[in-house]
Amino acid sequence: MPICETSKCMSNAVLKYMRKRDLSLSKMAKLLSLPLSSVQNYCKPKVNPRVDTMELISQATGISMVELFLCGLSGEELAKSAVHFVELAAELPPDECRKVLQALSEAIDQYSSRTLS
């Protein structure tokens, strides 16, 4: 399975978080309660994360799900990642799905206002 834009985006967001806090991969693995090899694979990125893993990373780090999915993307990459984001959100329980989609809507509004100004 090819690595999706979401994985690349999540990798960038996690690496940025680690740099800001001077965390090693092993410290990040402990923070997330994940095996070191998993964190290494997410940071490269070598694997596409499941939505529950992204939720775990979001909760442990405070990085929003929207940022994990959409950070720094534009144009076609942003559109593809947003579609993938919606597909993954559909796997969540209804209340969580609504929260995630609301956050996506707000992020798109913010993005639109920045690019149209």
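## Exercises on charged pairs and helices

Arg50 has a relative accessibility of 54% and is therefore classed as exposed. This value, like those that follow, is computed from a predicted model.

**Exercise 1.** Determine which residue forms a salt bridge with Arg50, and classify the accessibility of that partner.

*Solution.* Step 1: the side chain of Arg50 meets that of Asp52 in a salt bridge, with an N to O distance of 2.7 Å. Step 2: a salt bridge requires a nitrogen of Lys or Arg within 4 Å of a carboxyl oxygen of Asp or Glu, so the pair qualifies. Step 3: the relative accessible area of Asp52 is 38%. Partly exposed residues fall between the 20% and 50% limits, so Asp52 is partly exposed.

**Exercise 2.** State how many salt bridges the whole structure contains, and locate those in helix α7.

*Solution.* Step 1: a search of the whole structure yields three salt bridges. Step 2: in helix α7, which spans residues 94-116, the side chains of Asp95 and Arg98 meet in a salt bridge at 2.6 Å, N to O. Step 3: Glu96 pairs with Lys99, and their closest N and O atoms lie 2.9 Å apart. Step 4: Asp95 and Arg98 are three residues apart, about one turn of the helix; Glu96 and Lys99 in helix α7 are likewise separated by three residues, about one turn. Step 5: side chains of opposite charge can pair when their charged atoms come close.

**Exercise 3.** Classify Arg98, Lys99 and Glu96 by accessibility.

*Solution.* Step 1: the limit for an exposed residue is over 50%. Step 2: Arg98, at 53%, is therefore exposed. Step 3: Lys99 has a value of 53% and is exposed. Step 4: Glu96, at 28%, counts as partly exposed.

**Exercise 4.** Describe the surroundings of Glu67.

*Solution.* Step 1: Glu67 belongs to helix α5, residues 65-70. Step 2: with a relative accessible area of 32%, Glu67 is partly exposed. Step 3: apart from its neighbours within four places in sequence, Glu67 contacts Cys9 and Ala13. Step 4: Val14 is 53 residues from Glu67 in sequence, while their C-alpha atoms are 10.0 Å apart in space.

**Exercise 5.** Summarise the protein as a whole.

*Solution.* Step 1: the protein has seven helices and zero strands, giving the pattern α-α-α-α-α-α-α along the sequence. Step 2: of its 117 residues, 37% count as buried. Step 3: among contacts between residues at least 6 apart in sequence, 57% join residues at least 24 apart. Step 4: the protein exposes about 7,000 Å², of which carbon and sulfur atoms supply 53%.

Conventions:
Residues are numbered from 1 along each chain as its sequence is written. This is a predicted model: local features need pLDDT of at least 70, side-chain atom pairs count only at pLDDT 80 or more; totals for chains, interfaces and linings use all residues. Side-chain values use heavy atoms; hydrogens and water are left out. Buried means under 20% relative accessible area, exposed over 50%, partly exposed in between (1.4 Å probe, protein chains only). Helices (H or I, at least four residues) and strands (E, at least two) are DSSP runs, numbered from the N terminus. Contact means heavy atoms within 4.5 Å. Accessible areas come from the Shrake-Rupley method with a 1.4 Å probe; for residues, only the protein chains shown count as cover.
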